[in-house]
Amino acid sequence: MEVPMIARRSSWTGGAVQERLRRLNLITTVPPLAIVGVLLLVLTARSWWHVVIQVIGLVAALATAERWTAGDYLRVARPSLVVTAVVWLAGALTDDTSAFFGLSVVGSFLIPPLPRHRLAALGGLAALIAALGTTNALVHDDRIGWRLFQFAAVPAAAMLFSTAFMFVSQRFFDLIAELEQSREREADLAVTRERVRFASDLHDIQGHTLHVVKLKVALAEKLLDREPDRAREELREVHDLVGETIVQTKELAYAQRRLNLSAELENAKNLFEAAGIHVRVTRESEVDAAAGELLGQVLRETTTNILRHAETRQVGITLTRRGIAIVNDGAPDTGPLELGGLAVLRQRLAEHGAELEVSHQGGRFRTAAAFPAPKEARR
């Protein structure tokens, strides 16, 4: 369904889009109209009276053109229509063939934005121009046919031509406005995505640390009476972990944080062992450095999920050159999978051409991420 033109023009007002359109209008629309009006004045004015009335009509036309991309252009265009109609009547009575220029310009700006009955309005305005021009034949009784052609047919045809040009111009400006608005929306979307990414990374840091602190404090509480030295060691690790998290949070805030897969792997092993979970790590090859950071994020998120949700006894971690797979038992069968943070990671991996797969079968939960092999390696 076609959007009414008046609805599209409402998007011209306000903000940076209107400012761009106004600058474009001052470059592409106003100067040509001024040049044509001045040329007509120079070529056709035969007396000071003709100069006066043509200048008045030209000023009214340029005022309407200048306000065309502003929200209040109708406030200028409607009085200008009356002024230019009087100018054309005065020009027709004084034998000035170019005095219709202002009326045709103002009329062409008024008709395209109408939501309906544009053809009827165009026909009525053309008839008005022809009727005002016909008054020339009423005061001059020679060459009636030629005068009707000059003062009725030609101005009406010029009005139709200028209005058709304005339809094209308005559509062009509509497309420019849509393009500018699309750019603004893309910029807003980019900001939103960055905020979501930041929130996700902050959740990875803080959520992971809090779960680890909870486990270590619980362990220290159990060891406090039996093994106080080990309990103090656990509390020192909690202190160091909190300090490291503060540093990571600062690095995240200043876009300096990068995950190290080897460090994440060692951290995951320590966490699982502290929670009484047996860990088996299989390295089929060294991990590609380009994939290491994102695979480290997958390992960290999966480790947090296992510690939080599962009653795991065994975890297997397999590393390949461009992928990682984590399998754990003790996964409760609670219906459809709820990916949580893994859903955000899946989208992030997809942006880098990687895939994230999760599956749940027989009480075992498997998380696997893999980057495609480079084209050179596949040949």
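**Figure 1. The second largest cavity of the predicted model has a volume of about 40 Å³.** A cavity is a set of points, on a 1 Å grid over the protein atoms alone, where a 1.4 Å probe fits but cannot get out. Grid points are joined across faces, edges and corners, and a volume is the space filled by probe spheres set on the points. The lining, meaning residues with an atom within 4 Å of a point, consists of H203, D204, G207, H208, R300, E301, T304 and R308. Helices α8 (144–226) and α11 (289–309) each supply at least two of the lining residues. Helices here are DSSP runs (H or I, at least four residues), and strands are DSSP runs too (E, at least two), numbered from the N terminus. By class, the lining holds no nonpolar, four polar and four charged residues. Nonpolar covers Ala, Val, Leu, Ile, Met, Phe, Trp, Tyr, Cys and Pro; charged covers Asp, Glu, Lys and Arg; the others, Gly among them, are polar. Domain 2 (191–255) and domain 3 (259–370) both contribute to the lining, so the second largest cavity lies between them. The domain bounds come from an automatic or database domain assignment. This is a predicted model, in which local features need pLDDT of at least 70, side-chain atom pairs count only at pLDDT 80 or more, and totals for chains, interfaces and linings use all residues. Residues are numbered from 1 along each chain as its sequence is written, and side-chain values use heavy atoms, with hydrogens and water left out.

**Figure 2. The largest cavity holds about 90 Å³ of space.** The whole structure contains two cavities of 30 Å³ or more. Rolling a probe the size of a water molecule over the atoms shows where empty space is left. Around the largest cavity stand G37, L40, L41, I53, Q54, V55, G57, L58, S98, A99, F101 and G102. At least two lining residues come from each of α3 (30–44), α4 (48–66) and α6 (101–110). Helix α4 gives the largest share, five residues. The lining of the largest cavity divides into seven nonpolar, five polar and no charged residues.

**Figure 3. Helix α6 is largely enclosed by the rest of the structure, because 10 of its 10 residues are buried.** Buried means under 20% relative accessible area, exposed means over 50%, and partly exposed lies in between (1.4 Å probe, protein chains only). The buried residues of α6 include F101 and G102, which also line the largest cavity. Others in the buried set are L103, S104, V105, V106, G107, S108, F109 and L110.

**Figure 4. Two residues in the loops flanking α6 have positive phi.** D95 sits in the loop between α5 (73–93) and α6. Its phi is near 70°, a positive value in a residue other than glycine. D95 counts as buried, at 19% relative accessibility. H117 lies in the loop between α6 and α7. H117 is not a glycine, yet its phi is positive, about 60°. Its relative accessibility is 62%, so H117 counts as exposed. Most residues other than glycine have a negative phi.

**Figure 5. T135 and A121 belong to helix α7.** Residues 118–139 form α7. T135 is buried, at 17% relative accessibility. Beyond its neighbours within four places in sequence, T135 is in contact (heavy atoms within 4.5 Å) with L89, A92 and L93. The C-alpha atoms of T135 and L89 are separated by 7.6 Å, although the two residues are 46 apart along the chain. A121 is partly exposed, with a relative accessible area of 29%. Not counting residues up to four places away in sequence, A121 touches I111 and L114. A121 and I111 are 10 residues apart in sequence and 6.7 Å apart, C-alpha to C-alpha.

**Figure 6. L43 of helix α3 is an exposed residue.** Its relative accessible area is 70%. From L43 to S98 the C-alpha distance is 9.3 Å, across 55 residues in sequence. S98 is one of the residues lining the largest cavity.

**Figure 7. The protein chain contains 13 helices and five strands.** Of its 379 residues, 41% count as buried. Among contacts with a separation of 6 or more, 71% join residues 24 or more positions apart. The accessible surface comes to about 21200 Å², and 60% of this belongs to carbon and sulfur atoms. Areas come from the Shrake-Rupley method with a 1.4 Å probe; for residues, only the protein chains shown count as cover.

Technical notes:
1 Å grid on protein atoms, 1.4 Å probe; cavity = no way out; pocket = protein on both sides within 12 Å on 5 of 7 lines; lining within 4 Å.
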